[in-house]
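Subject: Handover of a structure for your review

Dear colleague,

Please find below the structure that I am passing to you. The notes that follow it set out what was found.

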Amino acid sequence: MLKKIIVTGLGACLAGGLLFGTNAVSYVKTAYRGVTTSVEQSVPIEFQIERASNMVADLTPEIRHSMHVIAKEEIELDQLNERIASAEQLAEKSKSEIMRLQSDLQDGGNVFTYASRTYSREEVTADLSRRFERHKVSDETLSHLTSMRDARTQNLDAARQKLTAMVSAQQKLETDITNLQAKRKLVEVAQASSEVVFDDSQLARAKELITDIRTRLDVAAKLANADVNYAAEIPLDAADSQDVTEQVAAYFGGEQPSQPESRVLTASIELE
């Protein structure tokens, strides 16, 4: 089966090389990128956000491990500092004793007394030589310990800075994911609102009803004001009894109505 797959793959590569020539690799890369992009675009956004959230959460174990390493290094560095401090005290004591023996030998004496015991010049010289050799070894060891402490201190500072950067980056990514989730919800609300279809006829009837109600209220208010402003009043003067013809003449400025010609002829015939 494996042999068949290998032969098929080689045949496909050979066919592609014959078909596209030297551009076969470019075509394959372009097709692969197109397929990859298409697949990524088809993945739901919710799934991608959840995936990003899981990736950020996966940083927590690494951060905890870094914190554990840093804590252990801090403890070991404290122990190293105590060891260096003790070595420095011993070195100071050793130096002081060496300088004392050297000073005594330089005085030129042949017998020396220390702690109620007497020693010859040769014994003191041999003891000074042994002390000096041990002091040089201790001093060299102290120098190595000091160099080790400085290097480990630098590494610890670098690890602390890296841990701080990791924690800060994780917090920022968590904030970004929270913002993406909120934005996705807003987009969903906007999409849901855009999909709502209003019935135009129902909307028109609602507007018409509201307009009718507003008109009826305006009419009712106007009638109520009319009833208040034009209520019946008590007559204070007697009714005018002037003749209607005089009223008409007064209204039209004293003009006399023109008589038709037929009436004038009839009146003249009657007189004859």
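UniProt positions are given here in the numbering used for this structure, and the annotations may be inferred rather than shown by experiment. With that in mind, an unreviewed UniProt entry lists residues 70-104 as a "coiled-coil region". Please note also that the model is a predicted one.

Over residues 70-104, the chain in the model is 100% helix and 0% strand. The C-alpha atoms at the two ends of this stretch lie 51 Å apart.

The helix to consider here is α4, which covers residues 59-106 and has 48 residues. From its first C-alpha to its last, α4 reaches 68 Å, close to the 70 Å expected at 1.5 Å a residue. Just after α4, Gly 108 takes a positive phi of about 90°.

Nonpolar core

The largest nonpolar core has 11 residues. Those with lower numbers are Ile 63, Ile 70, Leu 77, Leu 80, Ile 84 and Ala 91, and the list continues with Leu 142, Leu 145, Leu 156, Leu 163 and Met 166. Both α4 and α5 supply at least two residues each to this core, and α4 gives the most, with six. As general background, nonpolar side chains in soluble globular proteins tend to be buried together.

Pockets

The largest pocket holds about 220 Å³ of space. Its lining comprises 14 residues, and the closest to the pocket centre are Leu 90, Ala 91, Ser 94, Arg 134 and Ser 138. Ala 91 is thus listed both in this lining and in the largest nonpolar core. Helix α4 and helix α5 (121-194) each supply at least two of the lining residues. By class, six residues of the lining are nonpolar, four are polar and four are charged.

The second largest pocket has a volume of about 190 Å³. Its lining is made up of Glu 97, Arg 100, Leu 101, Tyr 114, Tyr 119, Glu 123, Val 124, Asp 127 and Arg 131. The elements that give two or more residues to this lining are again α4 and α5, with the largest share, four residues, coming from α5. In this lining, four residues are nonpolar, none is polar and five are charged.

In summary, α4 and α5 each contribute at least two residues to the largest nonpolar core and to the lining of the largest pocket, and both give two or more to the lining of the second largest pocket.

Yours sincerely

Notes
Residues are numbered from 1 along each chain as its sequence is written. This is a predicted model: local features need pLDDT of at least 70, side-chain atom pairs count only at pLDDT 80 or more; totals for chains, interfaces and linings use all residues. Side-chain values use heavy atoms; hydrogens and water are left out. The expected span of a helix is 1.5 Å times one less than its number of residues. On a 1 Å grid over the protein atoms alone, a cavity is a set of points where a 1.4 Å probe fits but cannot get out, and a pocket is an open set with protein on both sides within 12 Å along at least five of seven lines; lining residues have an atom within 4 Å of a point. Grid points are joined across faces, edges and corners, and a volume is the space filled by probe spheres set on the points. Ala, Val, Leu, Ile, Met, Phe, Trp, Tyr, Cys and Pro count as nonpolar, Asp, Glu, Lys and Arg as charged, and the others, Gly among them, as polar. A nonpolar core is a set of buried Ala, Val, Leu, Ile, Met, Phe, Trp, Tyr and Cys residues joined through side-chain atoms within 4.5 Å. Buried means under 20% relative accessible area, exposed over 50%, partly exposed in between (1.4 Å probe, protein chains only).
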